[in-house]
Amino acid sequence: FALPGKLILGSDSHTTMYGALGAFSAGVGRTEMAALYATGELWLKVPQSFKIVVNGKFPKGVSTKDLVLHIIGTIGADGALYKSVEFTGETISDMSISDRMILANMAAEMGAKNGYIAPDEKTREFLKDRAREEYTEVFPDEDAHYEEVMHIDVSKLEPTLAKPHTVDNMAVISELKGTRIHQALLGTCTNGRLEDFEAAASILKGKKIHPDVRMLVFPASKEIMLKAMKLGYLETLAEAGAVLMNPGCGPCLGAHEGILAADEVCISTANRNFKGRMGNKDAMVYLASPETAAASALKGEIADPREVM
């Protein structure tokens with residue numbers, strides 16, 4: 001249902017994720033959703049546009065999650081408030097659809113109304129057996145006006161994290177190495193992708209996670225879980241000592257299956273680390289990439305993935 005050119009509203013902040021397919025998708029509140037159910041209509045402002053131009057090749061141990069945490073840490077949690085954020089550039093073109101989903105997903109964490117990536121041949125291939133109906137692609141005008149343009153060279157990035165208790169509380173790995181952890185969460189809608197399990201499995205293959213760490217693995221969907229099983233990623237993670245969980249959100253929103261105790265520290269691949277987010281206001285959540293989360297589970301403390309790859 002999430003197709004290029006569609007206007008999609010959902011009662012989840014991270015409905016912005018569908019922008020990875022060239023849709024305009026935004027989260028709305030429960031009251032707005034009730035109005036939509038009743039009338040099929042909702043009032044929206046037309047947002048101003050931001051453009052984030054991303055070029056370069058990712059260095060070893062650095063991936064899309066590091067990029068988006070860097071962006072949010074640079075512009076702030078309200079840096080793109082009610083803006084339409086367009087991600088473009090050679091690096092974006094080279095990304096898989098699921099990598100693009102990370103950027104669109106976390107556009108919500110910079111305050112954006114929506115995140116958008118122009119559809120291309122990768123988008124069409126992804127939708128070939130999935131699209132429920134015909135769709136019309138929508139592209140930026142060649143003379144489009146942008147309120148702000150930001151340029152990023154990913155080749156200069158290093159492993160990046162968000163410290164408690166805000167997503168824009170950015171730090172690079174050298175500032176946090178050695179911070180003890182109790183739990184590592186790999187999964188959720190942000191980083192429960194096949195590529196994430198491949199990255200974590202490559203780090204943990206033939207090794208054991210630290211005995212003082214619980215590592216929980218949540219595939220984003222049944223489809224991803226089955227593919228990860230067939231490719232052996234889940235077997236590798238289980239042999240390393242990780243606990244394989246059912247597809248879904250898990251403890252991301254503090255509901256179940258891995259919520260934290262008081263004073264516990266979790267390194268998480270989810271999209272939010274607000275105070276109390278994972279079920280306890282006295283716990284600490286650090287957001288990181290799958291590579292950093294896997295390396296940290298191995299060491300029992302926040303660790304640089306480049307040192308164990």
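Let's start with strand 9 of this predicted model: over 3 bridges, strand 9 pairs with strand 12 (residues 265–268) in the parallel sense. Within that pairing, serine 268 of strand 12 is the residue opposite leucine 185. Strand 9 also runs parallel to strand 10 (residues 214–218), to which 5 bridges join it. Here alanine 184 has methionine 215 as its bridge partner in strand 10.

How covered is strand 9, which spans residues 183–187? Of its 5 residues, 5 are buried, so the strand is mostly covered, given that buried means under 20% relative accessible area. You can look at the two faces in turn: Gln183, Leu185 and Gly187 lie on one side, Ala184 and Leu186 lie on the other, and all are buried. Leucine 185, opposite serine 268, and alanine 184, partnered with methionine 215, therefore sit on opposite faces of a strand with both sides covered.

Now move to another part of the fold, an open sheet of 4 strands. Its order is 5-4-3-6, and the pairing is parallel. Strand 5 (114–116) and strand 6 stand at the edges; each has a single partner strand, so one side of each is left without a neighbour in the sheet. From one strand to the next, the twist averages 20°. Strand 3 (residues 49–55) and strand 6 run parallel and are joined by 6 bridges, with phenylalanine 50 standing opposite glutamate 148 in strand 6. Helix 2 (residues 64–75) packs on this sheet and touches strand 3, strand 4 (84–88) and strand 6. The direction of helix 2 makes about 135° with that of strand 6.

Next come the charged side chains. A search of the whole structure finds 18 salt bridges. One of them joins glutamate 133 and lysine 6, whose side chains meet at 2.6 Å, N to O. This pair links distant parts of the chain: glutamate 133 is in the loop between helix 5 (121–127) and strand 6 (148–153), while lysine 6 is in the segment before strand 1 (7–10), 127 residues apart. Glutamate 133 is partly exposed at a relative accessible area of 42%, and lysine 6 also counts as partly exposed, at 26%.

Helix 5 has a salt bridge of its own, between the side chains of arginine 124 and glutamate 121 (3.3 Å, N to O). Both residues lie in helix 5, 3 residues apart, which is about one turn of the helix. Arginine 124 counts as partly exposed at 29% relative accessibility, whereas glutamate 121, at 53%, counts as exposed.

Further along, aspartate 282 forms a salt bridge with lysine 281, with 3.6 Å between the closest N and O atoms. Lysine 281 is exposed, with a relative accessible area of 54%, and aspartate 282 is partly exposed at 36%. Salt bridges also link Asp99, Arg193, Glu195 and Asp196 in a network.

Finally, take a look at histidine 14, in the loop between strand 1 and strand 2 (24–27). Is histidine 14 buried or exposed? Its relative accessibility is 9%, and because the cut-off for buried is under 20%, histidine 14 counts as buried. Leaving aside neighbours within four places in sequence, histidine 14 is in contact with Asn105, Ala108, Glu109, Asn271 and Arg272. With asparagine 271 there is a polar contact, side chain to side chain, at 3.4 Å.

Key:
Residues are numbered from 1 along each chain as its sequence is written. This is a predicted model: local features need pLDDT of at least 70, side-chain atom pairs count only at pLDDT 80 or more; totals for chains, interfaces and linings use all residues. Side-chain values use heavy atoms; hydrogens and water are left out. Buried means under 20% relative accessible area, exposed over 50%, partly exposed in between (1.4 Å probe, protein chains only). Two strands pair if DSSP finds at least two bridges between them. A salt bridge is a side-chain nitrogen of Lys or Arg within 4 Å of a carboxyl oxygen of Asp or Glu. A polar contact is a pair of N or O atoms within 3.5 Å; within protein, one must be able to donate a hydrogen and the other to accept it, and residues adjacent in sequence count only if both atoms are side-chain atoms. Contact means heavy atoms within 4.5 Å. Axes are lines fitted to C-alpha atoms, for helices over the stretch in contact, and angles run from 0 to 180 degrees between N-to-C directions.
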